[in-house]
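Got your viewer open? Load the model, keep the selection tool handy, and follow along one stop at a time.

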Amino acid sequence: MLQNPGASLRYSTIWLSDIHLGYRHCKADFLLEFLATVRCDTIFLVGDVLDLWSLRNQWHWPATHSAVLRALLERADNGTRVVYVPGNHDETIRDFAGNAFGKIAIEKQCEHLTANGRRLLVTHGDEFEALIRCSALTRVLGSASYSALLRLNRHYNHWRAWRGQPYWSLATAIKNRVGNARRAIDAFELAALDYAHAHGFDGVVCGHIHQPCTREVDGTVYCNDGDWVENCTALAETVAGELELLHWPRLREHVMRAHAANDLPVTPLPRLPRRATARR
């Protein structure tokens with residue numbers, strides 16, 4: 001981790017999804033750096049913040065995962081508007097829609113009006129799967145393949161780090177070269193666009209498929225803020241209302257260079273205690 005990265009990025013709104021706290025492939029350390037670097041007025045948590053599916057199968061909760069929750073709660077306590085739109089991996093929390101956890105509001109879906117007047121639907125995106133023809137067998141096989149791909153991705157990036165190279169998502173690169181995966185992604189994006197247009201929105205912001213993207217079709221904008229399992233991305237709205245994808249591994253390099261140019265130390269944080277990673 002960067003030592004005290006500082007707040008060098010300022011946006012009006014940030015969207016984060018598919019953090020998957022409780023899942024061993026979650027990049028919580030990168031997210032903590034990102035949150036320490038970015039300041040904004042509103043944070044939308046667009047589902048799968050907690051991976052209750054994974055936690056039911058095997059308990060995995062490092063101290064960094066608790067630190068992410070603390071960072072979000074502290075943002076809310078300090079005046080940042082934080083809205084939690086649960087996804088399918090944390091769907092139990094949908095039962096509390098209309099309530100709040102501390103100062104974090106919980107909503108099944110919500111609307112966001114950008115500074116330049118666009119009405120955006122904010123929703124996790126798992127509801128769009130019903131609009132895509134995909135057999136249960138295909139989903140099961142896809143899930144097993146994805147887990148293997150993430151293991152490969154982890155080992156590959158350990159090797160890159162050993163060589164002094166920045167993080168790069170091998171998993172995303174492979175997915176984009178597999179025909180069936182690419183077609184499923186395209187179908188999902190078009191389903192989300194159709195849904196937003198049919199309900200009178202100018203666009204939609206979602207997550208779910210771990211595929212960061214911004215595109216516009218016939219005046220309707222589709223934004224997927226990505227994930228913190230393989231891509232480490234967020235969607236941001238500038239003060240002027242423009243939308244852009246932020247890729248933390250690339251931004252991280254800029255932050256490190258800025259620190260070096262200002263003679264600021266960029267050293268690892270102390271290691272977290274091993275007992276915090278206990279499993280059952």
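What share of the 280 residues of the protein chain counts as buried? The share is 49%. Keep in mind that you are looking at a predicted model.

Colour the chain by secondary structure to begin. You should find 7 helices and 14 strands. Now think about contacts between residues at least 6 apart in sequence: 69% of them join residues at least 24 apart.

**Stop one: strand β2**

Select residues 13–16, which make up β2. T13 and W15 point one way from this strand, I14 and L16 point the other way, and all of them are buried. Next, bring up β4, at 42–45. β2 and β4 are parallel partners, with 4 bridges between them, and I14 sits opposite I43 of β4.

β2 also pairs with β13, so add residues 233–237 to your selection. This pairing is antiparallel and has 3 bridges. Look for T13 here: its bridge partner in β13 is E237.

**Stop two: the largest nonpolar core**

Stay with I14 and L16 and add F34 and W228. Among the 40 residues of the largest nonpolar core, these four touch the most other members. In general, nonpolar side chains of soluble globular proteins tend to be buried together.

What does L16 touch, leaving aside residues up to four places away in sequence? Its contacts include L31, F34 and L35, then I43, F44, L45 and V46, and also D225, W228 and A234.

Which elements give two or more residues to this core? They are β2, α1, β4, α3 (63–77), β5 (81–84), β7 (104–106), β13 and α7 (248–261). The biggest contribution comes from α1, with 6 residues.

**Stop three: helix α1**

Select residues 28–37 to light up α1. Why can this helix be called largely enclosed by the rest of the structure? Because 8 of its 10 residues are buried. Those buried residues are A28, F30, L31, L32, E33, F34, L35 and T37.

**Stop four: aromatic rings**

There are 6 aromatic pairs in the structure; here are two of them to visit. Show the side chains of F34 and W228. Their rings form a tilted pair, 5.4 Å centre to centre with 50° between the planes. F34 belongs to α1, while W228 is in the loop between β12 and β13, and the two are 194 residues apart. Are these two residues buried or exposed? F34 is buried, with a relative accessible area of 1%, and W228 is buried too, at 0%. Add W248 to the view: F34, W228 and W248 form one aromatic cluster.

Now jump to F128 and F188. This pair is edge-to-face, with centres 5.7 Å apart and planes at 70°. F128 is in the loop between β9 and α4 (136–162), and F188 is in helix α6 (residues 179–198), 60 residues apart. F128 is buried at 0% relative accessible area, and F188 is buried at 1%.

One more ring is worth a click. R119 lies over the face of F201, at 4.6 Å from the ring centre.

**Stop five: a second core**

Try I185, A192, L193 and A196 next. They are among the 14 residues of a second, separate core.

**Stop six: an open sheet**

For the last stop, pick out five strands: β8, β9, β10, β12 and β11. In that order they form an open sheet with mixed pairing. At its edges are β8 (110–113) and β11 (213–217), each of which pairs on one side only. Neighbouring strands here are turned by 20° against each other on average, direction ignored.

Zoom in on β8. Its side chains alternate: C110 and H112 point to one face and are buried, whereas E111 and L113 point to the other and are not. The partner of β8 is β9, which runs antiparallel to it and is joined to it by 4 bridges. You can check one opposing pair at C110 and V122 of β9. The two strands make a hairpin with 5 residues between them, and G117 in the turn has a positive phi of about 90°.

Finish with β10 (residues 203–206) and β12 (residues 220–224). These strands run parallel, with 4 bridges joining them. Which residue of β12 is the bridge partner of V205? Click C223 to see it.

Notes: Residues numbered from 1 in each chain as written. Predicted model: local features only at pLDDT ≥ 70, side-chain atom pairs only at ≥ 80, totals over all residues. Heavy atoms only, no water. Pairing = 2+ DSSP bridges. Axes fitted to C-alpha atoms, helices over the stretch in contact; angles between N-to-C directions. Phe/Tyr/Trp six-rings, centres within 6.5 Å; stacked < 30°, edge-to-face > 60°. Buried < 20%, exposed > 50% of the residue type's maximum accessible area, 1.4 Å probe, protein only. Lys NZ or Arg CZ within 6 Å of the ring centre and 35° of its normal. Core = buried A, V, L, I, M, F, W, Y, C linked by side-chain atoms within 4.5 Å. Contact = heavy atoms within 4.5 Å.
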